[in-house]
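Reader: I would like to learn how to read a structure like this one. Please show it, and then I will ask about its features.

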Amino acid sequence: MYNAKAYTAASETSPLAPATIPRRDPTEHDLQIEVLFCGICHSDLHSVRNEWRSHAPTVYPIVPGHEIVGRVTRVGSAVKKYKSGDLAAVGVMVDSDGTCSNCKAGLEQFCPNMVLTFNSPDKHLGGVTYGGYSDSIVVDERFILRIPSNLDLAGAAPLLCAGITTYSPMRHCGVSKGKKVGVVGLGGLGHMAVKFAHAFGAHVVVFTTSPNKKEDALRLGADEVVVSRNTDEMKKHAGSFDFILDTVSADHDIDAYLNLLGRDGNVTLVGAPPTPLPVSAFSLITGRRSLSGSAIGGLAETQEMLDFCGEHKITSDVEVIPIQKANEAYERLLKSDVKYRFSIDMGSLRTE
Ligand SMILES: [Zn+2]
Ligand SMILES: [Zn+2]
């Protein structure tokens, strides 16, 4: 065991503050990684404030962060694929049983024994796992991903959650050239969805409640922008979409989007509104439409996504901040005052 520096919250009403946390010394299959950048995901904030207490109560102190990019500093004796000095990345999960049908299908995110990067039971040290708001992290090499060397590291960090969360459902639903694809909401997730859908060659339509996001949506790769409050604009697209990715986590009218789908079209939810969404059966029956959900992606697909980003030079649009600004960033996140993701420069923790 060794001591690492981290930013932790001591209770659901406490701000994040510097602290020392225990980390395990790397076992034979582990890598120790010096964290260089960690993205701020909305789930960090939900967990720090215990807003998901009904299904995932927070154990304090919490160290959030699951969009981690860093450099390997120590290597377990049995590790074959990495050496000291390599770039490495860690996403939303750090372990799974490796034996269930989901793991065998490369869908570790659905493993009943999957271990999240933070706030999951830690089988090594007891307590819970600690995430990326830290100067280092120790992770089994099976859950380490490679970052293409041509990508900006600050912008690459959010690929580990926002990136794979939007890439995976689009691949699953066959988004490609000739398809008409909608993206609902232009935030951390939505802006990545636009970049991927554009790179896949689809015709991309962004739905937003704020007309002032139009120019930015077009810059990110959208072909059209629809202001969702404008029912006439919405009607023009009725029955025409192959796929719509809904990234909105506030309550909203899902039927309005189902009715924009063509035959066999699909709306996939990646946001998590707090209350159940009413859905009219007619919206689904008409045109054999479907409504799905999706959660991050498996390890192999996450690597595929990172490699795709390397080839297409895709990163997240980030505002780089020092860790000392994390509490302020949370307040700004609540106001959607970021284009489009905060990425913490962890060098700022080392010099503290
Ligand atoms: Zn996340
Ligand atoms: Zn499993």
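Reader: Is His66 buried or exposed, and why?

Author: This is a predicted model. The general idea is to compare the relative accessible area with a cut-off: buried means under 20%. His66 has a relative accessible area of 6%, so His66 is buried. Cys161, with 8%, is buried because that value is also under the cut-off of 20%.

Reader: Which residues are the protein donors of the zinc ion (ligand 1)?

Author: To read a metal site, look for the protein atoms that serve as donors, then for their places in the chain. Here the donors are SG of Cys41, NE2 of His66 and SG of Cys161, at 2.0 to 2.2 Å from the zinc ion. Their spacing in sequence is C-x24-H-x94-C. His66 and Cys161 are 95 residues apart and link distant parts of the chain. His66 sits in the loop between α1 (42-48) and β4 (68-75), and Cys161 in the loop between α3 (153-156) and α4 (162-172).

Reader: How many residues of α4 are buried?

Author: For a helix, count its buried residues, then ask what covers them. In α4, nine of the 11 residues are buried, so the helix is largely enclosed by the rest of the structure. Among the buried ones are Ala162, Ile164, Tyr167 and Met170. The cover includes α5 (188-199), β12 (241-246), β13 (261-269), α10 (299-312) and β16 (341-345). After α4 comes Gly174, with a positive phi near 70°.

Reader: Which residues touch the most other members of the largest nonpolar core?

Author: With a core, start from its best-connected members. They are Ile40, Tyr133 and Phe196, in a core of 95 residues. Strand β3 (residues 30-40) contributes the most to this core, seven residues. Beyond its neighbours within four places in sequence, Phe196 is in contact with residues including Gly163, Thr166, Tyr167 and Met170 of the chain, and also Met305 and Phe308. Another core, of 13 residues, lies apart from the largest one and includes Val184, Val205, Met234 and Leu258.

Reader: What is the order of the strands in the open sheet of six strands?

Author: Read a sheet from edge to edge, then check the direction of pairing. The order is β11-β10-β9-β12-β13-β14, and the pairing is parallel. β11 (224-227) and β14 (290-293) each have a single partner strand, so one side of each lacks a neighbour in the sheet. From one strand to the next, the twist averages 20°.

Reader: Where does Lys180 stand?

Author: Opposite His203 in β10. Strands β9 (residues 180-184) and β10 (residues 203-208) pair in the parallel sense over five bridges.

Key:
Residues numbered from 1 in each chain as written. Chains lettered and ligands numbered in written order. Predicted model: local features only at pLDDT ≥ 70, side-chain atom pairs only at ≥ 80, totals over all residues. Heavy atoms only, no water. Donors = N, O, S within 2.8 Å, 3.2 Å for Na, K, Ca; no water. Helix = DSSP H or I, 4+ residues; strand = E, 2+ residues; numbered from the N terminus. Buried < 20%, exposed > 50% of the residue type's maximum accessible area, 1.4 Å probe, protein only. Core = buried A, V, L, I, M, F, W, Y, C linked by side-chain atoms within 4.5 Å. Contact = heavy atoms within 4.5 Å. Pairing = 2+ DSSP bridges. Axes fitted to C-alpha atoms, helices over the stretch in contact; angles between N-to-C directions.
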